[in-house]
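Visitor: I have a structure on my screen and a few questions about how its parts fit together. Could you walk me through it?

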Amino acid sequence: MSTATGQSGLSGGQKIEAIASTLQACSYDGRPVTADPASISDGAPQECQVAVKRIMDYTGLPANFVVVSGPVPNAAAVIMLDQNRIPRRVIAFNPDFMKTAMKLVGGDPWGPTSILAHEIAHHLSGHTIVAGGSRPDIELEADKFSGFILAKMGAPASAATEMILAVGTAHGTPTHPDKNTRATAIREGWTQACTQQGRRDCGSGAGAAAPVSPPVTPTVASGSEPVPGTLAAVRPTLPAPGSTPFKYGRFVVDETGKLDAAKARAMDQRLYSLAKDVGVEFTILVVDDLHGLSADDYAWAMMRQLRVGKLDVGNGAVAVVAPRQHQAAVAFGPGFAKEAEFSDPKKMLLEWIDQGWRYCDDADGCGGWTDNLFNVFNFTLNNVQNTKWTITYQTLGQLSDHFEQVAAERARTNRPWNDAVDQPLGNLLRISGKITSLDPPQGIGQVTPAIVNGPLHYKAVSMTTDDGYPVILYIAPHTAGLMPSGAIKLNQPYTVVGRLQRRGDKSKQASALWTFSYDPL
C-alpha cells in the first residue's frame, strides 16, 4: 500500500484533482487502484470514521491522517495535495467498505478492522511514498501492526488473519507478499501483543468474540507491585529489542516504578501534544534491564522496534535511562538529530543518575528528581516544536523556481528580507534521482570537509536529480539501519527526503541536503 497524507480543509474539487493526479496506491490485497476520480466525496462513511477512532485509541497516538471516501477497492492510503499542493496523509474508503469487507469473511467485524489497522500502520510508520505502490517489507510491517492491534482489541488470532487469507494472492507480487507470508506476519504481531499483555493463552490464539473497549490504563506487568505515587501502576510492558515493530500507547515508560506519577503523566501529555500538533514523536524509557545490550544499542533497537517518529522525515527519538546499570543513551532519527546536535543529553542523563538516582531508589520514589530528568530534554524539545516538518517541495527545480520568484519580487518592490518566507535553507523537500558517487570530492561547491570529518561523522554521497541538479546528500551514521533498503547504493535511482543545507545550481555548485530518508525506485 502506498502511504500518503491528507488535510480536511480541501474542497471536493481539490480532493478530486489531488487523488486523480496521484493514484499510485495499491489496494489492501495488492490490486492496482484505478477509478473515476469524479466519484470522490468529502466525507468517509460514519462507521469507517468510528472504526478508525477505535483503533487509534489503542495506539495512544494522534492520527496523522484524515479519512475520505474514494474510488478504491476497499481502503487505501493515498497521496493527497492540499490547497498549497503540499502532500498530506489520507485514508480513502470505498463507501460500501464495511459491508463488503464483512461479507467476505462471513459477517465477522474483525475483517474490516484488520484492513483499517493495516492502512493506519503505513501512516503511523511514515512509510516513504514511491511511484508504483508499495514494497513487500513495509507491507509485512503493516501486517504485523494489524495483528498487534487486533490482539489488543481482543480478536482471536484466527480472526486477525481471516481477511488476508480470504482476499490475498497465492503468489507474491513486486509490491505485496503472498497471503500465507502476510498471515504469518499478522500472527507474529498478534502473539507479540498477547505476550506483552501477560496472557497465558497466546499459544492457543484465543481472544474476545467482538471488539472490546480500550483500557483506561495499561495493565501492570505480572508479579510487579506498584509503589504509591509512582507510574508503576500504569506502565506497559516494553517489547524485547528486535521483536515485532509496532506503535504503542505511552511516551513515558518507567519500568523501575520510581518516577513521580503526576509529573510523568504531565510529561506524557506534553509529548502526546507534540506528536499531535507538530508530528514529532519522542519516547523516554526508564528501564530495569538492558537485555545484555549497551544503552546505545538498546536505544537504537527500540527506535526500530517502536517505529518512533515518521520514517520519511526521521522526526523521532528514544531516550533510554538504565540507572541500576549506570547507562543512558538517546537514539535520534535523522531529522530529530539536526535539532539536537548542539546538546549532549547522554552526558546530562548520566549526571542525573549520579546525582539523583540514590534519592529515587527508595520507598518514596524520585519526587522532584523526576522533573530534573525531564528537563534534560527541554532544549531539544523546544527546537523540534518550532521546526517545520511538512515536505513542502517535490523537486529541487520547484524550490529553486519559487525562491527565484521571491528574489525578483523583492527586487521589484524593494521589500526587506524576511527570514520566515525568503530563506530557502531549512526547507523539507522530496527529490528523485540517481546516485552518482559514494565518495564525491571535497571542496567548494562539493562536499564540505567539516561535515564529513566532524564529530557527527556524516557520510556524503552525490546524486543527479531527475530535473538535472547535482546534489550532495549528507547521511548520518545510523540512517542506513533505519531504512528498509539498507545502505544507499551506487547507480541506483532513489527518492530522497531531506532538509536543504545549501542551494546550488545546475552548473558550478551542487545543492546539499541533510538526508532523512531514502527509498530505491
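Guide: Gladly, and let's begin with a term: contact means heavy atoms within 4.5 Å. Helices (H or I, at least four residues) and strands (E, at least two) are DSSP runs, numbered from the N terminus. This is a predicted model, where local features need pLDDT of at least 70, side-chain atom pairs count only at pLDDT 80 or more, and totals for chains, interfaces and linings use all residues. Residues are numbered from 1 along each chain as its sequence is written, and side-chain values use heavy atoms, with hydrogens and water left out.

Visitor: At about what angle does helix H9 run to E7?

Guide: Angles run from 0 to 180 degrees between N-to-C directions, with axes as lines fitted to C-alpha atoms, for helices over the stretch in contact. Helix H9 (residues 295-306) lies across strand E5 (281-286), E6 and E7. Its angle to E7 is about 40°.

Visitor: Which are the edge strands of the open sheet?

Guide: Two strands pair if DSSP finds at least two bridges between them. The open sheet has four strands in the order E4-E5-E6-E7, with mixed pairing. Two of them pair on one side only: strand E4 (252-254) and strand E7 (327-332).

Visitor: Which residue in E7 is the bridge partner of Val-320?

Guide: Strand E6 (residues 316-322) pairs with E7 in the antiparallel sense, over six bridges. In E7, Val-320 has as its bridge partner Ala-329.

Visitor: Which residue in E9 is the bridge partner of Gly-433?

Guide: Here we turn to a barrel, closed by five strands in the order E8-E9-E10-E12-E11. Strand E8 (residues 428-437) and strand E9 (residues 459-465) pair in the antiparallel sense over four bridges. The partner of Gly-433 in E9 is Thr-465.

Visitor: Which helix lies across E8, E9, strand E10, strand E11 and strand E12?

Guide: Those are strands of the barrel. The helix spans residues 396-413 and runs at about 125° to E8. It is helix H14.

Visitor: Why does Arg-187 count as partly exposed?

Guide: Arg-187 sits in helix H7 (residues 179-196). Buried means under 20% relative accessible area, exposed over 50%, and partly exposed in between (1.4 Å probe, protein chains only). Arg-187 counts as partly exposed because its relative accessibility is 37%.

Visitor: What share of the residues of the protein chain count as buried?

Guide: The protein chain holds 17 helices and twelve strands. Of its 521 residues, the share that count as buried is 54%.
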